[in-house]
Amino acid sequence: PASNLRQYRDVLKNNPQRLDEMVNVAPYNAAGKFAGYRVNPGRDGALFTQLGLMPGAIVTGLNGIALDSPAKGFNVLKELYQYSEGRLEITRNGVPRSIVVDINN
């Protein structure tokens, strides 16, 4: 398994289907509208720990891009390997939070 975030990024760049192993992602709707993705640990739970996520968190944005449609989520995922830092906007226990992640570590 990958041991740091840069390795995870490189794995996803070469094989995006491996995201399923790292994190379980499900669309999340609020008030009948797409509002982000509910995330839970995949088989390799280390990624969750490194990102500072908790099971059931809702990711609503990445690097200033609101994840308010499935298309935006797919586009962000396709570009993810280019980032050296990521700012995740999440909702955890009903409270919005930002998490800054240095992907090069």
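**Exercise 1. Determine whether A31 is buried or exposed in this predicted model, and describe the turn in which A31 is found.**

Solution. Start from the accessibility of the residue: A31 has a relative accessible area of 86%, and because values over 50% count as exposed, A31 is classed as exposed. Next, place the residue in the chain, where A31 lies in the loop between β1 and β2. These two strands form a hairpin with two residues between them, and they run antiparallel, joined by eight bridges. Within that pairing, P27 has Y37 of β2 as its bridge partner. Finally, turn to the backbone: the phi angle of A31 is near 55°, which is a positive value in a residue other than glycine.

**Exercise 2. Describe the hairpin formed by β5 and β6, and state whether N93 is buried or exposed.**

Solution. Begin with the strands, β5 (residues 85-92) and β6 (residues 95-102), which run antiparallel and are joined by eight bridges. One of the facing pairs consists of R92 and V95, the latter in β6. Two residues separate the strands of this hairpin, and N93 in the turn has a positive phi of about 55°. For the accessibility step, the relative accessible area of N93 is 75%, so N93 counts as exposed.

**Exercise 3. Work out which surroundings R92 has, and what the distance is to the nearest side chain of opposite charge.**

Solution. R92 is found in strand β5, and R92 is buried without having a salt bridge. The nearest side chain of opposite charge belongs to E89, at 11 Å; because a salt bridge requires a side-chain nitrogen within 4 Å of a carboxyl oxygen, the separation of 11 Å from E89 does not meet the cut-off. As for contacts, once residues up to four places away in sequence are set aside, R92 touches G52, L53, M54 and R97.

**Exercise 4. Find how many salt bridges the model contains, and describe the accessibility of D68 and K72.**

Solution. The count comes to one salt bridge, in which the side chains of D68 and K72 meet at 3.0 Å, N to O. D68 has a relative accessible area of 40% and is therefore partly exposed, while K72, at 33% relative accessibility, also counts as partly exposed. K72 can also be related to strand β2 through G36: the C-alpha atoms of G36 and K72 are separated by 9.6 Å, although the two residues are 36 residues apart along the chain.

**Exercise 5. Compare the settings of the two glycines G36 and G73, stating for each where it lies and which residues it touches.**

Solution. Take G36 first: its place is in strand β2 (residues 33-41), and with a relative accessible area of 0% it is buried. Not counting residues up to four places away in sequence, G36 touches A26, P27, Y28, V59, T60 and L67. G73, by contrast, lies in helix α4 (residues 70-79), and at 13% relative accessibility G73 counts as buried, because the limit is under 20%. Leaving aside neighbours within four places in sequence, G73 is in contact with Y37 and L67. A distance completes the picture, since the C-alpha atoms of G73 and P27 are 9.6 Å apart in space, with these positions 46 residues apart in sequence numbering.

**Exercise 6. Identify which residues have the most contacts inside the largest nonpolar core, and set this core within the chain as a whole.**

Solution. The largest nonpolar core has 19 residues, and V39, L53, V59, L88, I90 and I99 are those with the most contacts inside it. The elements giving two or more residues to this core are β2, α3 (46-51), β3 (57-62), β5 and β6. For V39 in particular, the residues touched beyond four places in sequence include V23, V25, F48, L53, M54 and V59. Turning to the whole chain, its secondary structure comes to four helices and six strands, which follow the pattern α-α-β-β-α-β-β-α-β-β along the sequence. Of its 105 residues, 33% count as buried, and the chain exposes about 6,300 Å², of which carbon and sulfur atoms supply 52%. Lastly, among contacts with a separation of 6 or more, 41% are between residues 24 or more positions apart.

Definitions and conventions. Residues are numbered from 1 along each chain as its sequence is written. This is a predicted model: local features need pLDDT of at least 70, side-chain atom pairs count only at pLDDT 80 or more; totals for chains, interfaces and linings use all residues. Side-chain values use heavy atoms; hydrogens and water are left out. Buried means under 20% relative accessible area, exposed over 50%, partly exposed in between (1.4 Å probe, protein chains only). Contact means heavy atoms within 4.5 Å. A nonpolar core is a set of buried Ala, Val, Leu, Ile, Met, Phe, Trp, Tyr and Cys residues joined through side-chain atoms within 4.5 Å. Two strands pair if DSSP finds at least two bridges between them. Lys and Arg count as positive and Asp and Glu as negative; His and the chain ends are not counted. Accessible areas come from the Shrake-Rupley method with a 1.4 Å probe; for residues, only the protein chains shown count as cover.
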